[in-house]
Amino acid sequence: MENKRSKPALPAGRYFKYAIGEIVLVVIGILIALQVNNWNEKQAQDDKTIAIFNQIIDEMIIDVRVIQNANEFFIYKDSLIDVYRKTDLKSIPKSSDSVLSEDHLVDLIRTFAPIELHDRGFNLLTDHIDQVDKKYEKYVDELVYLYQDKKPLIDLYYDRLKTILYEHRMYKIKNFAWYSRMNKTNKRDQEEYEYYKFNPIYKNYVRFYNDMIYNLAINLRNFEDLTIKFSRQLNHDFKLGRDIDKELDFKNPSKELLQSISGNYLIRDKDTLSFIEKNGQLYESTLDNQQIVYVFERMIKVGELRYLGDSIFYRNYKENLKVNKDGSLTVFSFTNTREDKLKLLNND
C-alpha cells in the first residue's frame, strides 16, 4: 500500500497573516453592523422627534383658536369697561339693548374666558431631550422661550384674574344683604345696582380686573403670533407637507392690497415706517439691518405682518395696522383705543 501524502503546512508567517486578515474582516463587519444599527437608531429617534414636533404643531393650532376666542372676550370686556368709565352712571337705562345698561353692570367683571394652553408635546420633547439631535437645538430653544418664559406670564395673570373674581364675590357675600335676596327672588335690588354704579371699592375691583384682562390679552397675542410663525417654520424646515394657514382658516391679502401700500410712511411726524411685499405677505422692513437692544425686542420687533382680514394686519403684540380706502395707513391699539395715521412719503 502506498502512503498518502499529507498536505504541507503553511509557513508560520503566512498563517499569521491569514489569521490577521480574517480578524480584520470580522472587525470591519462588526463596525459596519454597528454603524448601520446606529444609523437606524438615529433615524428612528429623528422620526420620533419629528412626530413630537408634529404633535406640538397640532397643539399650537388648538391654542391659536383658544387664544382668539379668549381675546375676543377680553377685548369686548375692555371696551365695555371703557364705556363704563366714561358714562354718567346716574342716567343709564335698565334695558340691555343699549351699549351699557344696568344689566351690563351685573356681569361687567363677573366672568372670564377659559384659557388652557397645551404643552404635552413640549413636555414630551423635554423628557427625551438627551436623545434629541443637536441639529434641533434652535427649535428646542424657541420652544423653551415659549413655554418657560411666555406661558408662565399668561398663567400668572390668569390666576390673578380668577383670584380677584373669587375675592370680589366673597366681598359681596360678607358685606351686602342684597346678595342673598337676589338668590331667593331671582330679582335684583336697586341697592345692588347702586353698588355697581357708585361704590368706590367696586371701582377698584373693576380697575384691577381691567388690568388683568389687558395684560392677558397682550401676552396671549404675542404667544399666538410666535406659535403661528414657529409652526410655519417647522412645517417648512422639516418638509411636513402641512398647510398651516389653511388649518387655521387664514386668508392671504390680495396682491393689489400689498402693492398699494408698499413704500415709506411717516408716523407721529418723526418715525418713518417702510413696507414691502415679501413672499406674498406684507413685510415691515423698518428695522432691517438695525440692532435692537431693549428688553422686549422679541415681542415688538416687526417683520412679516400677519393678515387678519378686512384690510387689517397684525403689527406687534400691542398694535394692528389698517389700510384705509384712500391708501393711507392707520396704526392702532388692538383694543381700538388709539389711532395714528401714517402719511405716505413715497411709493417708489
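Residues count as buried under 20% relative accessible area, as exposed over 50%, and as partly exposed in between. By this rule lysine 322, with a relative accessible area of 30%, is partly exposed. The structure described here is a predicted model. Lysine 322 belongs to strand 7, residues 319-323. Its C-alpha atom lies 8.3 Å from that of aspartate 310, and the two residues are 12 apart in sequence. Aspartate 310 is placed in the loop between strand 5 and strand 6. Its relative accessible area of 65% makes aspartate 310 exposed. Although aspartate 310 is not a glycine, its phi is positive, at about 55 degrees.

A positive phi in a residue other than glycine is also found at lysine 239, where the value is about 50 degrees. Lysine 239 sits in the loop between helix 7 and helix 8 (244-247). With a relative accessible area of 73%, lysine 239 is exposed. Phenylalanine 275, in contrast, has 1% relative accessibility and therefore counts as buried. This phenylalanine is part of strand 2, which covers residues 271-278. Phenylalanine 275 and glutamate 304 are 29 residues apart along the chain, and their C-alpha atoms are separated by 9.7 Å.

The nonpolar interior was examined next. In soluble globular proteins, nonpolar side chains tend to be buried together. The largest nonpolar core of this model has 68 residues, and Phe53, Phe74, Ile115 and Leu143 touch the most other members. At least two residues of this core come from each of helix 1, helix 2 (102-107), helix 3 (120-127), helix 4 (137-175), helix 5 (178-185), helix 6 (190-198) and helix 7. The greatest contribution is that of helix 7, with 15 residues.

Aromatic contacts amount to 22 pairs in the structure. In the pair of phenylalanine 176 and tryptophan 178, the ring centres are 5.2 Å apart and the planes meet at 20 degrees, so the pair is stacked; planes under 30 degrees apart meet that criterion. Tryptophan 178 has 2% relative accessibility and so counts as buried. An edge-to-face pair is formed by tyrosine 195 and tyrosine 196, with 5.2 Å from centre to centre and 65 degrees between the planes. Both tyrosines count as buried, tyrosine 195 at 3% relative accessibility and tyrosine 196 at 1%. These four aromatic residues belong to one aromatic cluster, which is formed by Tyr84, Tyr171, Phe176, Trp178, Tyr195, Tyr196, Tyr202 and Tyr205.

Charged groups are also placed over aromatic rings. Lysine 278 lies over the face of tyrosine 283, at 4.1 Å from the ring centre. For arginine 306, the charged end sits over the ring of tyrosine 314, 5.0 Å from its centre.

Arginine 306 appears again in the analysis of pockets and cavities. The second largest pocket has 21 lining residues, and those nearest its centre are Gln68, Arg221, Glu224, Arg306 and Leu308. Two or more lining residues of this pocket are given by each of helix 1 (12-86), helix 7 (200-237), strand 5 (307-309) and strand 6 (312-314). Helix 1 gives the most to this lining, with 5 residues. By residue class, the lining of the second largest pocket consists of 8 nonpolar, 6 polar and 7 charged residues. The volume of the second largest pocket is about 570 Å³.

For enclosed space, the count comes to 1 cavity of 30 Å³ or more. The largest cavity has a volume of about 40 Å³. Its lining is made up of Arg232, Asp245, Phe250, Lys251, Asn252, Pro253, Gln281, Arg306 and Tyr307. The lining of the largest cavity divides into 3 nonpolar, 2 polar and 4 charged residues. Arg306 is thus named among the residues nearest the centre of the second largest pocket and among those that line the largest cavity.

Technical notes
Residues are numbered from 1 along each chain as its sequence is written. This is a predicted model: local features need pLDDT of at least 70, side-chain atom pairs count only at pLDDT 80 or more; totals for chains, interfaces and linings use all residues. Side-chain values use heavy atoms; hydrogens and water are left out. On a 1 Å grid over the protein atoms alone, a cavity is a set of points where a 1.4 Å probe fits but cannot get out, and a pocket is an open set with protein on both sides within 12 Å along at least five of seven lines; lining residues have an atom within 4 Å of a point. Grid points are joined across faces, edges and corners, and a volume is the space filled by probe spheres set on the points. Helices (H or I, at least four residues) and strands (E, at least two) are DSSP runs, numbered from the N terminus. Ala, Val, Leu, Ile, Met, Phe, Trp, Tyr, Cys and Pro count as nonpolar, Asp, Glu, Lys and Arg as charged, and the others, Gly among them, as polar. Rings of Phe, Tyr and Trp (its six-membered ring) pair if their centres lie within 6.5 Å; planes under 30 degrees apart count as stacked, over 60 as edge-to-face and the rest as tilted. Buried means under 20% relative accessible area, exposed over 50%, partly exposed in between (1.4 Å probe, protein chains only). A charge sits over a ring if NZ of Lys or CZ of Arg is within 6 Å of the ring centre and within 35 degrees of the ring normal. A nonpolar core is a set of buried Ala, Val, Leu, Ile, Met, Phe, Trp, Tyr and Cys residues joined through side-chain atoms within 4.5 Å.
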